[in-house]
Amino acid sequence: MIFTKESLILDHQQILQKIKRMAFEIYEQNFGETRLVLAGIHENGYLLAQLLEQELRAISALELSLLEVTLHKTEPLAHDIHIQPLPASLKDTAVVLVDDVLNTGKTLAYTLRAFLDKDCRKLEIATLINRHHTLYPITATYTGYSLATTLREHIRVIYREQEWNAYLI
């Protein structure tokens with residue numbers, strides 16, 4: 001039997017601080033936009049996008065929209081990508097894709113295709129934790145926490161009972 005040891009790397013309060021800082025960075029880089037769409041990848045990315053939306057509403061007058069993106073993470077080409085609610089148009093709109101952990105970049109790379117068709121003006125990426133093991137040409141525009149890990153280590157971001165925690169496993 002193999003036992004894994006979890007190490008807490010970010011507690012709830014630290015995660016909330018990271019999200020607040022990311023919201024300020026997003027607002028700073030999108031100050032002149034008339035509309036900003038936050039597209040969170042199901043499930044944790046969407047929950048984080050909701051928190052970013054709350055923070056952005058508190059500090060800005062940007063017109064904000066929230067989308068949930070669902071894709072099959074192990075076989076993304078074999079299944080459709082679903083966006084809810086499906087926007088009529090994203091033409092001339094700034095979009096920020098949100099996910100909890102940027103590891104290889106595969107999930108975000110496949111998600112991009114759903115937004116490239118929609119003629120958005122700008123497409124950025126926000127991630128709570130960036131592991132820097134990208135195998136795809138994906139770079140986070142906004143990062144809450146940057147962590148160098150080995151390939152054998154994993155990051156788990158857990159949302160349980162209204163509390164966030166991130167672990168190195």
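**Exercise 1. Which residues lie nearest the centre of the largest pocket, and how many residues line it?**

Before we start, keep in mind that this is a predicted model.

Step 1: Count the lining. The largest pocket is lined by 15 residues.

Step 2: Look towards the middle. Val101, Leu102, Asn103, Thr104 and Thr107 lie nearest the centre.

Step 3: Add the volume, which comes to about 330 Å³ for this pocket.

Step 4: Sort the lining by character. You get four nonpolar, five polar and six charged residues.

**Exercise 2. Find out which elements supply at least two residues each to that lining, and which gives the most.**

Step 1: Go through the elements. Strand 5 (94-102), helix 3 (106-116) and strand 8 (155-160) each bring at least two lining residues.

Step 2: Pick the top contributor. Strand 5 gives the most, with four residues.

**Exercise 3. Work out how strand 5 sits among its neighbours.**

Step 1: Start with strand 2 (residues 35-41). Five bridges tie strand 2 to strand 5, and the two run parallel. To spot one pairing, go to Leu36, whose bridge partner in strand 5 is Ala94.

Step 2: Now try strand 6 (residues 122-130). Here eight bridges make the link to strand 5, again with a parallel run. One pairing to look up is Val98, whose bridge partner in strand 6 is Ala126.

Step 3: Follow the chain. Strand 5, helix 3 and strand 6 together form a β-α-β unit, and its hand is right.

Step 4: Check the burial. Nine of the nine residues of strand 5 are buried, so the strand is largely enclosed by the rest of the structure.

**Exercise 4. Decide whether Asn44 and Asp100 are buried or exposed, and list what they touch.**

Step 1: Place them. Asn44 belongs to helix 2 (residues 44-59), while Asp100 is part of strand 5.

Step 2: Apply the cut-off: a residue is buried when its relative accessible area is under 20%. Asn44 has 15% relative accessibility, so it counts as buried. Asp100 has 13%, so Asp100 counts as buried too.

Step 3: List the contacts, leaving out residues up to four places away in sequence. Asn44 touches Asp100, Val157, Tyr159 and Trp164. Asp100 touches Asn44, Gly45, Leu48, Thr127, Leu128, Ile129 and Val157.

Step 4: Put the two lists side by side. Asn44 and Asp100 touch each other, and Val157 turns up in both lists.

Definitions and conventions: Residues numbered from 1 in each chain as written. Predicted model: local features only at pLDDT ≥ 70, side-chain atom pairs only at ≥ 80, totals over all residues. Heavy atoms only, no water. 1 Å grid on protein atoms, 1.4 Å probe; cavity = no way out; pocket = protein on both sides within 12 Å on 5 of 7 lines; lining within 4 Å. Points joined across faces, edges and corners; volume = space filled by probe spheres on them. Nonpolar A, V, L, I, M, F, W, Y, C, P; charged D, E, K, R; others polar. Buried < 20%, exposed > 50% of the residue type's maximum accessible area, 1.4 Å probe, protein only. Pairing = 2+ DSSP bridges. Right-handed = clockwise from strand over helix to strand, strands pointing away. Contact = heavy atoms within 4.5 Å.
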